[in-house]
Amino acid sequence: ATLAYRWFGHVRAVLEAESDYLVLMRIETEPARRAQGEASAVLAWLTDCCDRHGVTLLGQANADDGSGLSQQALMAWYARHGFQVDDTHQGQPLVWYPHRPVS
């Protein structure tokens, strides 16, 4: 299936509403605009929205190729933005903001 990207300036993201939380399936910046804080600004906007509305943001933290952050750097990036990292699952690691919901 084709992902439905939304552009936020030079950053594109895929978001889906799913039951009790918002899912950030992917976030990436145009290669020429990386390392300028634009994806961080979009992520801060998303976390602010989640804070205001009491919604948990779930992210799929998977570095797909060598053109962006490494897997380790991506996990550290999410952690710097207040996400709880959960790499205990097979496949894609998950990140939760502000915390993983109680099951």
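User: In this model, is strand E4 (residues 56-60) mostly covered or mostly uncovered, and how many of its five residues are buried?

Analyst: The model is a predicted one, and in it strand E4 is mostly covered, with four of its five residues buried. As a general idea, side chains in a regular strand alternate between the two faces of the sheet.

User: Which strands does E4 pair with, and how do they run?

Analyst: E4 is joined to strand E3 (residues 21-29) by four bridges, and these two strands run parallel; within that pairing, Val 23 stands opposite Leu 58 of E4. The connection from E3 to E4 passes through helix H1 (residues 38-53), and this β-α-β crossover is right-handed. E4 is also joined by four bridges to strand E6 (residues 94-97), but here the strands run antiparallel, and Gly 59 has Val 95 as its bridge partner in E6.

User: Where is Asp 20 found, and is it buried or exposed?

Analyst: Asp 20 is found in the loop between strand E2 (11-18) and E3, and with a relative accessible area of 65% it is exposed. Its C-alpha atom is separated by 7.2 Å from that of Val 55, a residue 35 positions away along the chain.

User: How should I read the aromatic pairs, and how many does the structure hold?

Analyst: A pair of aromatic rings is described by the distance of the centres and the angle of the planes. The structure holds four such pairs. One of them is formed by Tyr 21 and Trp 96, which are edge-to-face at 5.5 Å centre to centre with 85° between the planes. Tyr 21 lies in strand E3 and Trp 96 in strand E6, so this pair ties together parts that are 75 residues apart in sequence, and both residues are buried.

User: What is the geometry of the pair formed by Phe 83 and Tyr 97, and where in the chain do these residues lie?

Analyst: The rings of Phe 83 and Tyr 97 are tilted, with 5.4 Å centre to centre and 45° between the planes. Phe 83 lies in the loop between helix H2 (71-80) and strand E5 (84-86), whereas Tyr 97 lies in strand E6, and the pair thereby links distant parts of the chain, 14 residues apart. Both Phe 83 and Tyr 97 are buried, and together with Trp 77 and Tyr 78 they form one aromatic cluster.

User: What kind of peptide bond joins Tyr 97 and Pro 98, and what is the phi of Ala 35?

Analyst: Most residues other than glycine have a negative phi, and most peptide bonds are trans. The bond joining Tyr 97 and Pro 98 is cis, with omega about 0°, and Pro 98 is found in the segment after E6. Ala 35 has a phi near 65°, a positive value in a residue other than glycine; this residue is placed in the loop between E3 and H1 and is exposed, with a relative accessible area of 86%.

User: How many disulfides does the structure hold, and why is Cys 50 not bonded to Cys 49?

Analyst: A disulfide is a covalent bond between the sulfur atoms of two cysteines. The structure holds zero disulfides, and Cys 49 is in none, the nearest cysteine sulfur being that of Cys 50. The two sulfurs are not bonded because they are 6.9 Å apart, which is too far for a bond. Both cysteines are nevertheless covered: Cys 49 is buried with a relative accessible area of 19%, and Cys 50 counts as buried at 4% relative accessibility.

How values were computed
Residues are numbered from 1 along each chain as its sequence is written. This is a predicted model: local features need pLDDT of at least 70, side-chain atom pairs count only at pLDDT 80 or more; totals for chains, interfaces and linings use all residues. Side-chain values use heavy atoms; hydrogens and water are left out. A disulfide is a pair of cysteine sulfur atoms within 2.5 Å. Buried means under 20% relative accessible area, exposed over 50%, partly exposed in between (1.4 Å probe, protein chains only). Two strands pair if DSSP finds at least two bridges between them. A crossover is right-handed if, with the strands pointing away from the viewer, the path from the first strand over the helix to the second runs clockwise. Rings of Phe, Tyr and Trp (its six-membered ring) pair if their centres lie within 6.5 Å; planes under 30 degrees apart count as stacked, over 60 as edge-to-face and the rest as tilted.
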